[in-house]
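Me: Please take a close look at one chain of this model and describe how its sheets and helices are put together. A connected account is preferred to a list, and the other chain can come in where it helps.

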Amino acid sequence: MTISTGPLPPTHRTPVALARGFLTGSVVGTSLAALVVGGVVESVPLFVAGLVLPAVYGLLFVLAGSPRRAREAAVVPRTALAVIESRTVVGGESSDVPVRFELTVAPDAGPAYRVEVTQDVNVVDLPDYRPRGVVVVRYPPDRPWQVRIVKRPTPEWEERAASARLDPAPEAARAVAPAEVRGVGFVGLLGLLIGAAAVVLLFSSDLSGRDDAAKPPSASRPSVSSTSSTTVVSSVSGTVALGPGRSYLDEGEPDRALDTLAQGGGALRALTVVVQERTLSVVFAPAGTQAPGFDPRALPYDRFPALVEEAATGLAVRSPRTWQLTAEGLTGSLVIRIVVTGAEGTASLEADGRGNVVRREPPR
Amino acid sequence: MGLHGYLVLWCGVFGALALVGYGRSLAGMTRAQRTVRAKGRIERVDVPRHGSSPREGISVVVSFQDPATGQEFTVTNDGECGDLIDVAWTGREIGVHYPPGRPHAFRFAGHRAEGGRGLAWPTFALFLVYAGPVAVAAIERGWPWALVGFCGPWALSGLYHLPGNMRDRNRRLDELAGMACVPGRVVAVLKSVSTDDDGHTSTRLVPVVTFTTLDGRAVTAYCESGLPDPAGSRGLDVPVHYAPEDPAVFTLDVGSMRRSWQWDKAVNVVGVLIVAAAAVVGAVML
């Protein structure tokens, strides 16, 4: 019998308990994330994996624990007399209330010891469990702290309990359960987070693709997104408006805007592209027709600042001005027209598809 | 992996489980086959305390002999001990089951049946194997396949068992006609109050009736039906009708029980007809 003066310290069980806690947390996190991610990205295998994984783990968990359970079940419980040192009703709103008993257990063979147990007792039967009363208890010999009061003892034990007088055991002789391994909850939570994060990271590309695919061009209703720029896309045109402090004369901005418009699907064909300081609009060429069009990515965006500057020649440098660049390929060859308006008037020029100036009109 | 891939996986897993289960049964290794089934005898019956819990059954002392060792055991129904003992009298025979070599892990069984061969789980696995293709057929070819696939075998099984069920119900009706009537008394009303997570309280009242049969057996039994006011029934004298060959079959209201069995017969027939009709509708709609 294991009688000690304090909780038994966790020994070799510690690494196993921690590993089991981590594994359990990982399986829970992975399966939950697989269910959610599988549902979002509409992946049936991932969703099924989220269902199968905990089932398989649960089965393995049960199988792994079966030898221990069989070993414990094979132990013949021991019956003994015990005296109630104290009792405390610890709550409950039903007719069976949990009661905490402080008992001195007096086995037939072996020293008496103290133990604290909590057991449900019907309120009608509470008077049967007064302090200093003798009761019959049962416990597995290898786990003396797992004491259970026998509410209906056999006639033989009933007679023994009725005639017994037991002395309280010293406080030092106390049977207590081994202490719980510390940190199991923490590693379980860690495993849960890692498992969930692993699934999300593995499928992050699908998730982000899903986000983008959630904004396809629609013939009936334009879709609008709002970040640092605003995009309005329909089946006939697309417009990307930049936020404050940004300009389409900045390097890379036109390409980013066209990337945004192209995410709805496939290559872009444009009839007309209109670019202003913070607005880029594309009129799409009708799909499946032979209408003339051009690839808006092929425009010489790196030449735009120079073309705008050149068009503004003759206008006051410091005066506020606006500009608009229109590219169209309706006549077959690509023509870029730049118009700059200032306080003094409007100036314009025309350039070819490579950004070479072919005609200039001074301010009027 | 497409739908058929999942179907193959489903059938493979549950087919393997079914095979393992049937194999274990053939080898005599299932829990049901290995369980030791001893015959217990009730040596003492205690009348329950008024107001106490009905969950633990009538307090009895039972003795049984381990067939393997011949050792005698005297036990009580304290705690989780299998079937609830709700009818008891001194001398009543009761089933005591336990794993081989572990009589301390006994469980009471209200019936003295020999027990099955442990085929319930393998058969359930086999049903799942069958249900997989039926479900896929219903998805791919239309809902009539579900009706035919599920209701067809169900209807055949119902038709096969219907005569036996009818004979059983008729036997019970005959049993009612042959019941003896003796005076009984409600000696206690057991009470169980439970509160669910939402704070709702539910109360279960179980009157306990005692009566002595014509051949002198003092029976103590739970009696949850037949009393109009269970809460105030303590001390009430009631006529008890019981089957002379088995006092565990008793009632306070023969007429009500007769109507109940007749209803049961009708429900059996109507249920089989509905399931058969569903299968026929499915077959016509194919």
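Reply: Two strands count as paired if DSSP finds at least two bridges between them. The model is a predicted one. The part chosen here is chain B, beginning with its sheets.

In chain B, strand 2 (residues 60–65) and strand 3 run antiparallel and are joined by 5 bridges. One of the residue pairs can be named: B:V61 has B:T76 in strand 3 of chain B as its bridge partner. The two strands belong to an open sheet of 5 strands in chain B, ordered 3-2-1-5-6, with antiparallel pairing. Strand 3 and strand 6 (107–109) of chain B are the edge strands; each has a single partner strand, so one side of each has no neighbour in the sheet. On average, and with direction ignored, neighbouring strands of this sheet are turned by 35° against each other.

Another open sheet of chain B has 6 strands in the order 4-9-8-7-10-11, and its pairing is antiparallel. Its edges are strand 4 (87–88) and strand 11 (246–251) of chain B, each with a single partner strand, so one side of each is again left without a neighbour in the sheet. At one of these edges, strand 4 of chain B runs antiparallel to strand 9 (residues 218–222) of chain B, and 2 bridges join them. There B:A88 stands opposite B:T220 of strand 9 of chain B.

Both sheets supply strands to the contact with the other chain. That contact takes 20 residues from chain B and 18 residues from chain A. On the chain B side that touches chain A, the elements giving two or more residues are strand 3 (72–76) and strand 7 (180–195) of chain B. Strand 7 of chain B gives the most to this side, with 5 residues. By class, the chain B side that touches chain A divides into 5 nonpolar, 11 polar and 4 charged residues. Strand 3 of chain B is therefore both an edge strand of its sheet and a contributor to the contact with chain A.

The helices of chain B can be followed through three packed pairs.

Helix 1 (residues 3–26) of chain B packs against helix 3 of chain B at an angle of about 160°, with the axes 8 Å apart. An angle over 145 degrees counts as roughly antiparallel, and helix 1 and helix 3 of chain B are therefore roughly antiparallel to each other. The crossing of helix 1 of chain B past helix 3 of chain B is left-handed. On the helix 1 side of chain B, the contact residues include B:L7, B:W10, B:F14 and B:Y22, and those they meet in helix 3 of chain B include B:W121, B:L126 and B:V136. The residues of the contact of helix 1 with helix 3 of chain B divide into 16 nonpolar, 4 polar and no charged.

Next along the chain, helix 3 (residues 120–141) of chain B packs with helix 4 of chain B at an angle of about 160°, their axes being 7 Å apart. That angle makes helix 3 of chain B roughly antiparallel to helix 4 of chain B. Here the crossing of helix 3 of chain B past helix 4 of chain B is right-handed. Helix 3 of chain B enters this contact with B:V134, B:A137, B:A138 and B:R141, and helix 4 of chain B with B:W145, B:A146, B:G149 and B:F150. By class, this contact of helix 3 with helix 4 of chain B has 6 nonpolar, 1 polar and 1 charged residues.

Helix 4 (residues 144–177) of chain B also packs with helix 5 (residues 254–285) of chain B: the axes come within 8 Å and cross at roughly 160°. That makes helix 4 of chain B roughly antiparallel to helix 5 of chain B. Helix 4 of chain B passes helix 5 of chain B in a left-handed crossing. The contact residues of helix 4 and helix 5 of chain B divide into 22 nonpolar, 6 polar and 5 charged.

A few words on chain A give some context. Chain A has 7 helices and 14 strands. Of its 364 residues, 26% count as buried. Strand 1 (residues 78–89) and strand 2 (residues 96–106) of chain A pair in the antiparallel sense over 8 bridges, and A:G91 in the turn of their hairpin has a positive phi of about 135°. Strand 2 of chain A also pairs with strand 3 (residues 113–122) of chain A, in the antiparallel sense and over 10 bridges.

Notes. Residues numbered from 1 in each chain as written. Chains lettered and ligands numbered in written order. Predicted model: local features only at pLDDT ≥ 70, side-chain atom pairs only at ≥ 80, totals over all residues. Axes fitted to C-alpha atoms, helices over the stretch in contact; angles between N-to-C directions. Helix = DSSP H or I, 4+ residues; strand = E, 2+ residues; numbered from the N terminus. Parallel < 35°, antiparallel > 145°, perpendicular 65-115°, else oblique. Left-handed = near helix turned anticlockwise from the far one by under 90°. Nonpolar A, V, L, I, M, F, W, Y, C, P; charged D, E, K, R; others polar. Buried ≥ 20, exposed ≤ 12 C-beta atoms within 10 Å, placed from the backbone. Contact = placed C-beta atoms within 7 Å.
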